[in-house]
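Work through the exercises below with the sequence and the structure at hand. Each task is followed by a solution in steps.

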Amino acid sequence: MVVAEVPKLESAAEYFFKVGAEGKRFRPTVLLLMASALKFPIPESTDVGVFSILASKLRTRQQNIAEITEMIHVASLLHDDVLDDADTRRGVTSLNCIMGNKLSVLAGDFLLSRACVALAALGNTEVVSLMATAVGHLVTGETMQMSTSREQRRSMEYYLQKTYYKTASLISNSCKAVAILAGHTAEVSVLAYEYGRNLGLAFQLIDDVLDFTGTSASLGKGSLSDIRHGIITAPMLYAMEEFPQLQDVVDQGFDNPVNVEIALDYLQKSRGIERTKELAQEHVNLAVKAIESLPDSDDEDVLISRRALIDITQRVITRTK
């Protein structure tokens with residue numbers, strides 16, 4: 001899907017799909033499991049051969065959603081690394097460091113264009129609308145992060161809205177798209193969406209914890225990168241609730257390394273890390289509830305996939321990278 005006429009563009013576009021730089025492939029894994037978790041039982045009056053062909057065609061279309069989602073995600077990484085002037089990503093040198101900002105931006109644009117072509121080929125306007133909304137949310141979330149007022153930097157509500165746009169919208173709308181392609185009811189589609197939304201929020205909350213507690217090697221990016229970029233996340237917001245004097249330090253910014261040390265000192269004294277983990281657990285519980293609320297099934301494949309989706313929520317909470 002990322003074949004290009006210009007070799008340099010193709011090389012840039014496929015950079016994060018190569019072995020060693022492909023990441024966890026978290027989103028496609030979730031989406032393929034969701035596809036299996038939402039399989040319809042074979043009606044008694046149906047020709048098994050015909051049903052098998054239809055099921056195979058549906059699976060291909062749902063796999064396309066997984067591919068499209070990963071391309072959109074990688075495009076956002078390429079653009080983010082340019083915006084953040086990052087030098088590493090997924091434990092390897094970032095593309096902007098190797099090929100420069102211009103080609104990185106163009107490679108991201110190219111991946112988005114390929115995702116658009118693949119989306120159009122599905123021929124489902126509701127799915128196209130969902131995925132286009134998710135792309136719009138990625139841009140909105142990044143802009144919200146870049147241009148915050150003093151009050152917004154202190155607001156948990158603002159932070160969670162930004163987090164939904166930047167991280168949870170893509171996976172939630174993709175999960176919903178998988179359900180819609182299968183012809184499920186609005187109720188089931190919403191449950192798929194709620195699973196993705198809560199999983200995505202929990203994922204980012206743990207990411208924010210790991211930014212303070214993880215090591216650079218396991219995290220795939222420099223530890224404390226958020227605070228050094230002046231980005232205030234949940235652990236620090238909770239610490240500010242406990243220690244209002246920390247707000248003055250945050251308002252001054254973190255260009256001065258001394259302010260970083262002061263903020264970390266307050267964070268250590270607070271329950272910021274614990275409360276963020278607790279909030280992540282609340283979202284995990286909601287994600288599990290969504291899976292448990294799906295229509296009953298006695299299909300072993302469906303049950304295994306649903307158990308796996310629940311297992312993934314626990315992996316999100318306990319991960320160290």
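**Exercise 1. Place Thr213 in the structure and classify its exposure.**

Solution. The model used here is a predicted one.
Step 1: Thr213 belongs to helix H9.
Step 2: The relative accessibility of Thr213 is 48%. Partly exposed covers the range between under 20%, which is buried, and over 50%, which is exposed. Thr213 therefore counts as partly exposed.
Step 3: Thr213 and Leu9 lie 204 residues apart along the chain, and their C-alpha atoms are separated by 37 Å.

**Exercise 2. Compare the span of H9 with its expected span, and decide whether H9 is largely enclosed or not.**

Solution.
Step 1: H9 consists of 28 residues.
Step 2: At 1.5 Å a residue, 40 Å is expected, and the distance from the first C-alpha to the last is close to that, at 40 Å.
Step 3: Of the 28 residues of H9, 22 are buried, so the helix is largely enclosed by the rest of the structure.

**Exercise 3. Describe the largest nonpolar core and find the helix that gives the most to this core.**

Solution.
Step 1: The largest nonpolar core has 92 residues. The members that touch the most others are Val30, Met34, Val127, Tyr195 and Leu246.
Step 2: The helix that gives the most to this core is H9, residues 186–213, with 12 residues.
Step 3: Take Val30 and set aside its neighbours within four places in sequence. Val30 is then in contact with Ile171, Cys175, Tyr195, Leu199, Leu309 and Ile312.
Step 4: There is also a second, separate core of 7 residues, and among them are Tyr158, Tyr164, Tyr165 and Ala168.

**Exercise 4. Check the spans of H15 and H5, and list their buried residues.**

Solution.
Step 1: H15 runs over residues 272–292, which makes 21 residues. These should span 30 Å at 1.5 Å a residue, and the end C-alpha atoms of H15 are 30 Å apart, so the two values agree.
Step 2: The buried residues of H15 include Gly272, Ile273, Thr276, Leu279, Ala280 and His283. Val284, Ala287, Val288, Ala290 and Ile291 are buried in H15 as well.
Step 3: The buried residues of H15 pack against several helices, namely H2, H8 (156–181), H9, H12 (234–242), H14 (257–269) and H16 (300–318).
Step 4: H5 covers residues 101–122 and has 22 residues. The expected span of H5 is 32 Å, which agrees with the 32 Å between its end C-alpha atoms.
Step 5: Buried in H5 are Leu103, Ser104, Ala107, Gly108, Phe110, Leu111, Ala115, Ala118, Leu119 and Leu122.
Step 6: After H5 comes Gly123, which has a positive phi near 65 degrees.

**Exercise 5. Which loops hold Arg25 and Asp85, and how exposed is each residue?**

Solution.
Step 1: Most residues other than glycine have a negative phi.
Step 2: Arg25 is not a glycine, yet its phi is positive, about 55 degrees. Asp85 is not a glycine either, and has a positive phi of about 55 degrees.
Step 3: Arg25 sits in the loop between H1 (7–13) and H2. Asp85 sits in the loop between H3 and strand S1 (88–89).
Step 4: Arg25 has a relative accessibility of 43%, so it counts as partly exposed. Asp85 has a relative accessible area of 61%, so it is exposed.

**Exercise 6. Describe the lining of the second largest pocket.**

Solution.
Step 1: The volume of the second largest pocket is about 380 Å³.
Step 2: The pocket is lined by 17 residues, and the closest to its centre are Phe40, Phe51, Leu54, Ala55 and Leu58.
Step 3: H2 (26–37) and H3 (48–84) each supply at least two residues of the lining. The largest share, 7 residues, comes from H3.
Step 4: By type, the lining holds 10 nonpolar, 2 polar and 5 charged residues.

**Exercise 7. Describe the surroundings of Gln247.**

Solution.
Step 1: Gln247 is part of helix H13, residues 246–252.
Step 2: The relative accessible area of Gln247 is 23%, so this residue is partly exposed.
Step 3: Not counting residues up to four places away in sequence, Gln247 touches Arg154 and Met240.
Step 4: Leu237 is 10 residues from Gln247 in sequence, and the two C-alpha atoms are 9.1 Å apart.

Notes:
Residues numbered from 1 in each chain as written. Predicted model: local features only at pLDDT ≥ 70, side-chain atom pairs only at ≥ 80, totals over all residues. Heavy atoms only, no water. Core = buried A, V, L, I, M, F, W, Y, C linked by side-chain atoms within 4.5 Å. Buried < 20%, exposed > 50% of the residue type's maximum accessible area, 1.4 Å probe, protein only. Helix = DSSP H or I, 4+ residues; strand = E, 2+ residues; numbered from the N terminus. Contact = heavy atoms within 4.5 Å. Expected span 1.5 Å × (residues − 1). 1 Å grid on protein atoms, 1.4 Å probe; cavity = no way out; pocket = protein on both sides within 12 Å on 5 of 7 lines; lining within 4 Å. Points joined across faces, edges and corners; volume = space filled by probe spheres on them. Nonpolar A, V, L, I, M, F, W, Y, C, P; charged D, E, K, R; others polar.
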